[in-house]
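Let's take a walk through this structure together, one piece at a time. Keep the sequence and the 3D view open as you read.

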Amino acid sequence: MPETSRVLTEIHDDIAIVTLNRPEKLNALDYAMFSQLADTAKRLRRNKKIRAVIVQGAGKAFCSGLDVKSMFAQPLNVLKVLIKPGLKSANLVQEVSMLWRDIPVPVIALTQGKCWGGGFQIALGADFRFSQPDCTFSIMESRWGLIPDMGASVLLRELVPIDVAKELTMTARIFDAHEAKTLNLISRVCEDPMQEALAFVAEIREKSPDAIACAKKLYIQTWLASVRSALDWETKLQKRLIGRYNQRAAVSRGDSSKQAKPFKSRA
(Lines give C-alpha, C1' and ligand atoms only; values in the text may rest on other atoms or scores of the structure.)
Protein backbone atom coordinates (compact mmCIF):
# COMPACT_ATOMS: atom_id res chain seq x y z
CA MET A 1 0.00 0.00 0.00
CA PRO A 2 1.24 3.54 -0.68
CA GLU A 3 2.58 5.46 2.27
CA THR A 4 -0.25 7.99 1.94
CA SER A 5 -2.93 5.38 2.70
CA ARG A 6 -5.04 6.52 5.61
CA VAL A 7 -6.69 3.10 5.90
CA LEU A 8 -4.92 -0.26 5.63
CA THR A 9 -6.75 -3.54 5.03
CA GLU A 10 -5.28 -7.00 5.50
CA ILE A 11 -7.17 -10.27 5.21
CA HIS A 12 -5.81 -13.13 7.30
CA ASP A 13 -7.59 -16.38 6.48
CA ASP A 14 -11.18 -15.10 6.55
CA ILE A 15 -10.77 -12.11 8.88
CA ALA A 16 -10.45 -8.60 7.47
CA ILE A 17 -8.35 -6.30 9.67
CA VAL A 18 -8.92 -2.61 8.95
CA THR A 19 -6.45 -0.16 10.45
CA LEU A 20 -6.89 3.60 10.72
CA ASN A 21 -3.40 4.62 9.70
CA ARG A 22 -2.60 8.15 10.77
CA PRO A 23 -0.86 7.47 14.08
CA GLU A 24 1.13 10.71 14.09
CA LYS A 25 -2.21 12.56 14.31
CA LEU A 26 -3.84 10.02 16.66
CA ASN A 27 -5.82 8.85 13.62
CA ALA A 28 -7.73 12.14 13.43
CA LEU A 29 -10.26 12.21 10.60
CA ASP A 30 -9.47 14.26 7.52
CA TYR A 31 -11.12 14.11 4.10
CA ALA A 32 -8.79 11.37 2.83
CA MET A 33 -9.57 9.14 5.81
CA PHE A 34 -13.32 9.65 5.45
CA SER A 35 -13.14 8.72 1.79
CA GLN A 36 -10.88 5.70 2.25
CA LEU A 37 -12.89 4.35 5.20
CA ALA A 38 -16.13 4.48 3.21
CA ASP A 39 -14.48 2.80 0.21
CA THR A 40 -13.05 0.08 2.48
CA ALA A 41 -16.42 -0.71 4.06
CA LYS A 42 -18.12 -0.88 0.66
CA ARG A 43 -15.46 -3.23 -0.66
CA LEU A 44 -15.72 -5.54 2.36
CA ARG A 45 -19.51 -5.61 2.03
CA ARG A 46 -19.05 -7.34 -1.35
CA ASN A 47 -16.52 -9.90 -0.07
CA LYS A 48 -18.44 -13.13 0.57
CA LYS A 49 -15.40 -15.03 1.86
CA ILE A 50 -14.75 -13.07 5.05
CA ARG A 51 -16.26 -14.17 8.37
CA ALA A 52 -15.47 -11.07 10.44
CA VAL A 53 -14.07 -7.54 10.30
CA ILE A 54 -11.82 -6.07 12.99
CA VAL A 55 -11.36 -2.29 12.99
CA GLN A 56 -8.44 -0.83 14.92
CA GLY A 57 -6.33 2.31 15.13
CA ALA A 58 -2.57 2.36 14.58
CA GLY A 59 -0.41 3.70 17.38
CA LYS A 60 -1.57 5.15 20.69
CA ALA A 61 -5.21 5.90 19.85
CA PHE A 62 -8.18 4.40 18.09
CA CYS A 63 -9.23 7.82 16.75
CA SER A 64 -9.12 11.24 18.39
CA GLY A 65 -11.98 12.57 16.27
CA LEU A 66 -12.23 15.17 13.54
CA ASP A 67 -9.08 16.93 12.37
CA VAL A 68 -10.82 20.28 12.73
CA LYS A 69 -7.89 22.37 11.48
CA SER A 70 -7.42 20.28 8.35
CA MET A 71 -11.12 20.08 7.48
CA PHE A 72 -11.98 23.75 8.02
CA ALA A 73 -8.85 24.87 6.18
CA GLN A 74 -10.50 23.48 3.03
CA PRO A 75 -14.18 24.54 3.08
CA LEU A 76 -14.87 22.63 -0.14
CA ASN A 77 -14.06 19.36 1.65
CA VAL A 78 -16.53 20.24 4.41
CA LEU A 79 -19.24 20.63 1.79
CA LYS A 80 -18.21 17.40 0.04
CA VAL A 81 -18.54 15.27 3.18
CA LEU A 82 -21.98 16.70 4.03
CA ILE A 83 -23.62 16.36 0.60
CA LYS A 84 -26.01 13.45 0.04
CA PRO A 85 -25.93 12.68 -3.68
CA GLY A 86 -28.99 11.19 -5.36
CA LEU A 87 -31.25 9.15 -3.11
CA LYS A 88 -28.60 8.19 -0.56
CA SER A 89 -29.74 8.31 3.06
CA ALA A 90 -26.26 9.07 4.45
CA ASN A 91 -23.53 11.53 3.55
CA LEU A 92 -19.85 10.61 3.58
CA VAL A 93 -19.19 11.30 7.27
CA GLN A 94 -22.26 9.26 8.21
CA GLU A 95 -21.24 6.41 5.92
CA VAL A 96 -17.98 5.81 7.79
CA SER A 97 -20.03 4.86 10.85
CA MET A 98 -23.16 3.38 9.28
CA LEU A 99 -21.65 1.24 6.51
CA TRP A 100 -20.26 -1.29 9.00
CA ARG A 101 -23.87 -2.27 9.70
CA ASP A 102 -24.32 -3.29 6.06
CA ILE A 103 -21.46 -5.77 6.12
CA PRO A 104 -23.09 -9.17 6.75
CA VAL A 105 -20.46 -10.39 9.24
CA PRO A 106 -19.62 -9.30 12.80
CA VAL A 107 -17.63 -6.06 12.91
CA ILE A 108 -15.53 -5.58 16.04
CA ALA A 109 -13.90 -2.26 16.92
CA LEU A 110 -10.80 -2.46 19.12
CA THR A 111 -10.26 0.76 21.04
CA GLN A 112 -7.31 2.16 22.94
CA GLY A 113 -6.03 5.57 23.99
CA LYS A 114 -8.53 8.11 22.68
CA CYS A 115 -11.87 7.22 21.13
CA TRP A 116 -13.37 10.67 20.79
CA GLY A 117 -15.93 12.46 18.66
CA GLY A 118 -16.09 11.01 15.17
CA GLY A 119 -13.85 8.16 16.24
CA PHE A 120 -16.36 7.18 18.90
CA GLN A 121 -19.16 7.24 16.33
CA ILE A 122 -17.16 4.95 14.03
CA ALA A 123 -16.76 2.51 16.93
CA LEU A 124 -20.48 2.75 17.71
CA GLY A 125 -21.20 1.67 14.15
CA ALA A 126 -19.48 -1.66 14.78
CA ASP A 127 -21.43 -4.61 16.17
CA PHE A 128 -19.08 -4.95 19.13
CA ARG A 129 -16.51 -2.76 20.88
CA PHE A 130 -13.63 -4.37 22.79
CA SER A 131 -11.66 -1.77 24.73
CA GLN A 132 -8.42 -1.56 26.64
CA PRO A 133 -8.92 -0.35 30.22
CA ASP A 134 -7.00 2.88 29.59
CA CYS A 135 -9.17 3.96 26.66
CA THR A 136 -11.15 7.18 27.07
CA PHE A 137 -14.34 8.14 25.25
CA SER A 138 -16.17 11.37 24.51
CA ILE A 139 -18.93 12.74 22.35
CA MET A 140 -16.70 15.72 21.76
CA GLU A 141 -18.52 17.82 19.16
CA SER A 142 -20.06 20.45 21.44
CA ARG A 143 -16.54 21.65 22.31
CA TRP A 144 -16.35 22.92 18.74
CA GLY A 145 -19.87 24.34 18.75
CA LEU A 146 -21.17 21.37 16.77
CA ILE A 147 -23.40 18.32 17.25
CA PRO A 148 -22.49 14.68 16.53
CA ASP A 149 -23.46 14.09 12.90
CA MET A 150 -21.89 10.76 11.99
CA GLY A 151 -24.85 8.56 12.88
CA ALA A 152 -24.89 9.06 16.65
CA SER A 153 -28.62 9.83 16.64
CA VAL A 154 -29.22 6.31 15.29
CA LEU A 155 -26.43 4.42 17.02
CA LEU A 156 -26.82 5.81 20.54
CA ARG A 157 -30.56 5.17 20.77
CA GLU A 158 -29.93 1.45 20.39
CA LEU A 159 -27.58 1.45 23.38
CA VAL A 160 -28.50 4.10 25.98
CA PRO A 161 -31.52 6.01 27.31
CA ILE A 162 -32.18 9.42 25.80
CA ASP A 163 -31.08 11.31 28.93
CA VAL A 164 -27.67 9.62 28.83
CA ALA A 165 -27.25 10.50 25.16
CA LYS A 166 -28.20 14.12 25.86
CA GLU A 167 -25.90 14.42 28.86
CA LEU A 168 -22.86 13.00 27.09
CA THR A 169 -23.52 15.15 24.02
CA MET A 170 -24.17 18.40 25.90
CA THR A 171 -21.22 18.11 28.29
CA ALA A 172 -18.67 16.56 25.89
CA ARG A 173 -17.09 15.08 29.01
CA ILE A 174 -14.39 12.43 28.82
CA PHE A 175 -15.05 9.10 30.51
CA ASP A 176 -13.12 5.87 30.86
CA ALA A 177 -13.69 2.36 29.55
CA HIS A 178 -15.19 1.07 32.79
CA GLU A 179 -17.85 3.78 32.76
CA ALA A 180 -18.43 3.15 29.06
CA LYS A 181 -19.10 -0.50 29.87
CA THR A 182 -21.45 0.47 32.71
CA LEU A 183 -23.33 2.73 30.28
CA ASN A 184 -23.55 -0.14 27.76
CA LEU A 185 -21.52 1.78 25.18
CA ILE A 186 -18.86 -0.91 24.81
CA SER A 187 -19.05 -4.67 24.86
CA ARG A 188 -15.94 -5.67 26.80
CA VAL A 189 -13.05 -4.17 28.73
CA CYS A 190 -9.99 -6.35 28.19
CA GLU A 191 -6.22 -6.17 28.43
CA ASP A 192 -5.74 -7.66 24.97
CA PRO A 193 -8.71 -6.73 22.74
CA MET A 194 -7.23 -8.38 19.65
CA GLN A 195 -6.78 -11.72 21.40
CA GLU A 196 -10.37 -11.61 22.68
CA ALA A 197 -11.67 -10.59 19.26
CA LEU A 198 -9.91 -13.50 17.58
CA ALA A 199 -11.28 -15.93 20.18
CA PHE A 200 -14.77 -14.54 19.60
CA VAL A 201 -14.41 -14.91 15.83
CA ALA A 202 -13.30 -18.52 16.34
CA GLU A 203 -16.69 -19.15 17.99
CA ILE A 204 -18.50 -17.46 15.11
CA ARG A 205 -16.67 -19.63 12.58
CA GLU A 206 -18.43 -22.68 14.04
CA LYS A 207 -21.80 -21.28 12.95
CA SER A 208 -23.31 -20.98 9.48
CA PRO A 209 -22.17 -17.76 7.79
CA ASP A 210 -25.69 -17.37 6.39
CA ALA A 211 -27.22 -17.63 9.87
CA ILE A 212 -24.76 -15.08 11.25
CA ALA A 213 -25.52 -12.66 8.40
CA CYS A 214 -29.26 -13.02 8.92
CA ALA A 215 -28.94 -12.66 12.71
CA LYS A 216 -27.12 -9.36 12.25
CA LYS A 217 -29.70 -8.13 9.75
CA LEU A 218 -32.59 -9.27 11.97
CA TYR A 219 -31.60 -7.14 14.94
CA ILE A 220 -30.53 -4.10 12.93
CA GLN A 221 -33.86 -4.10 11.09
CA THR A 222 -36.07 -4.82 14.10
CA TRP A 223 -34.50 -3.31 17.23
CA LEU A 224 -36.72 -0.25 17.17
CA ALA A 225 -39.37 -1.57 14.80
CA SER A 226 -43.01 -2.36 15.49
CA VAL A 227 -43.97 -5.84 16.70
CA ARG A 228 -45.55 -6.64 13.34
CA SER A 229 -42.49 -5.53 11.39
CA ALA A 230 -40.13 -7.50 13.69
CA LEU A 231 -42.15 -10.70 13.33
CA ASP A 232 -42.32 -10.24 9.57
CA TRP A 233 -38.54 -9.93 9.41
CA GLU A 234 -38.12 -13.12 11.45
CA THR A 235 -40.24 -15.04 8.95
CA LYS A 236 -38.64 -13.45 5.91
CA LEU A 237 -35.10 -14.22 7.03
CA GLN A 238 -35.92 -17.73 8.25
CA LYS A 239 -37.32 -18.58 4.82
CA ARG A 240 -34.04 -17.40 3.36
CA LEU A 241 -32.13 -19.92 5.51
CA ILE A 242 -34.24 -23.09 5.74
CA GLY A 243 -33.07 -25.95 3.54
CA ARG A 244 -30.03 -24.16 2.12
CA TYR A 245 -26.66 -25.90 2.10
CA ASN A 246 -25.23 -24.04 5.10
CA GLN A 247 -28.33 -24.72 7.18
CA ARG A 248 -28.05 -28.43 6.43
CA ALA A 249 -24.33 -28.28 7.23
CA ALA A 250 -25.14 -26.73 10.61
CA VAL A 251 -27.55 -29.58 11.36
CA SER A 252 -24.90 -32.14 10.41
CA ARG A 253 -22.49 -30.59 12.92
CA GLY A 254 -24.99 -31.14 15.70
CA ASP A 255 -25.59 -34.81 14.83
CA SER A 256 -22.80 -37.09 16.01
CA SER A 257 -24.09 -39.88 13.77
CA LYS A 258 -23.37 -37.83 10.65
CA GLN A 259 -20.19 -36.52 9.11
CA ALA A 260 -19.95 -32.78 9.69
CA LYS A 261 -20.11 -30.80 6.48
CA PRO A 262 -17.88 -27.77 5.97
CA PHE A 263 -19.61 -24.43 5.53
CA LYS A 264 -19.52 -22.66 2.19
CA SER A 265 -19.18 -18.92 1.68
CA ARG A 266 -22.38 -17.11 2.51
CA ALA A 267 -25.07 -16.95 -0.14
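What follows is a tour of strands, turns, salt bridges and a few single residues. One thing to keep in mind from the start is that this is a predicted model.

Let's begin close to the start of the chain. Strand β1 covers residues 7-12 and strand β2 covers residues 15-20, and the two pair in the antiparallel sense over six bridges. To find your place in that pairing, look for T9, which stands opposite V18 in β2. Together β1 and β2 make a hairpin, with two residues between them.

The turn of that hairpin holds D13, which sits in the loop between β1 and β2. D13 has a positive phi of about 55° although it is not a glycine. That catches the eye because most residues other than glycine have a negative phi. Is D13 buried or exposed? With a relative accessibility of 74%, D13 counts as exposed, because the cut-off for that class is over 50%.

Now follow β2 to its next partner. β2 also pairs with β3, this time in the parallel sense and again over six bridges. Here I17 has I54 in β3 as its bridge partner. Strand β3 spans residues 52-57, and five of its six residues are buried, so the rest of the structure largely encloses this strand.

Further along the chain there is another sheet to look at. It is an open sheet of three strands in the order β5-β7-β8, with mixed pairing. Which strands are at the edges? They are β5 (114-116) and β8 (175-176), each of which pairs on one side only. β5 and β7 run parallel and are joined by three bridges, and K114 stands opposite T136 in β7. Lying across β5, β7 and β8 is helix α5, residues 118-125, which runs at about 90° to β5.

Close by in the sequence, have a look at A172, in the loop between α7 (162-171) and β8. Like D13, A172 is a residue other than glycine with a positive phi, here near 60°. A172 counts as buried, because its relative accessibility is 0%, whereas D13 counts as exposed.

Next come the salt bridges, and the count comes to 13. One of them links R22 and D67, whose closest N and O atoms are 2.9 Å apart. R22 is in the loop between β2 and α1 (31-45), while D67 is in the loop between β3 and α2 (68-73), so this pair ties together parts that are 45 residues apart in sequence. R22 counts as buried at 7% relative accessibility, and D67 is buried too, with a relative accessible area of 12%.

Another salt bridge brings the side chains of D102 and R45 together, at 3.7 Å from N to O. D102 belongs to the loop between α4 (92-98) and β4 (107-111) and R45 to helix α1, so the pair ties together parts that are 57 residues apart in sequence. D102 counts as partly exposed at 43% relative accessibility, and R45 counts as partly exposed at 32%.

E158 and R101 form a salt bridge as well, with 3.0 Å between the closest N and O atoms. E158 lies in the loop between α6 and α7, and R101 lies in the loop between α4 and β4, so parts that are 57 residues apart in sequence are tied together here. E158 counts as partly exposed at 24% relative accessibility, while R101 is buried, with a relative accessible area of 14%. Salt bridges can also share partners, and in that way R6, R22, D30 and D67 are joined into one network.

Let's step out to the surface. Where is a nonpolar patch to be found? L66, F72, W144 and L146 make one of about 400 Å². Its member W144 lies in the loop between β7 (136-138) and α6 (152-155), and W144 counts as exposed at 53% relative accessibility.

The last stop is S252, in helix α12 (residues 245-253). S252 is buried, with a relative accessible area of 5%. Leaving aside neighbours within four places in sequence, S252 is in contact with K258, Q259, A260 and K261. P262 is ten residues from S252 along the chain, and their C-alpha atoms are separated by 9.4 Å.

Technical notes. Residues numbered from 1 in each chain as written. Predicted model: local features only at pLDDT ≥ 70, side-chain atom pairs only at ≥ 80, totals over all residues. Heavy atoms only, no water. Patch = residues over 30% accessible without salt bridge, like charges linked within 9 Å, V, L, I, M, F, W, Y side chains within 5 Å. Areas by Shrake-Rupley, 256 points an atom, 1.4 Å probe, with all protein chains shown as cover. Salt bridge = Lys/Arg side-chain N within 4 Å of Asp/Glu carboxyl O. Helix = DSSP H or I, 4+ residues; strand = E, 2+ residues; numbered from the N terminus. Buried < 20%, exposed > 50% of the residue type's maximum accessible area, 1.4 Å probe, protein only. Pairing = 2+ DSSP bridges. Contact = heavy atoms within 4.5 Å. Axes fitted to C-alpha atoms, helices over the stretch in contact; angles between N-to-C directions.
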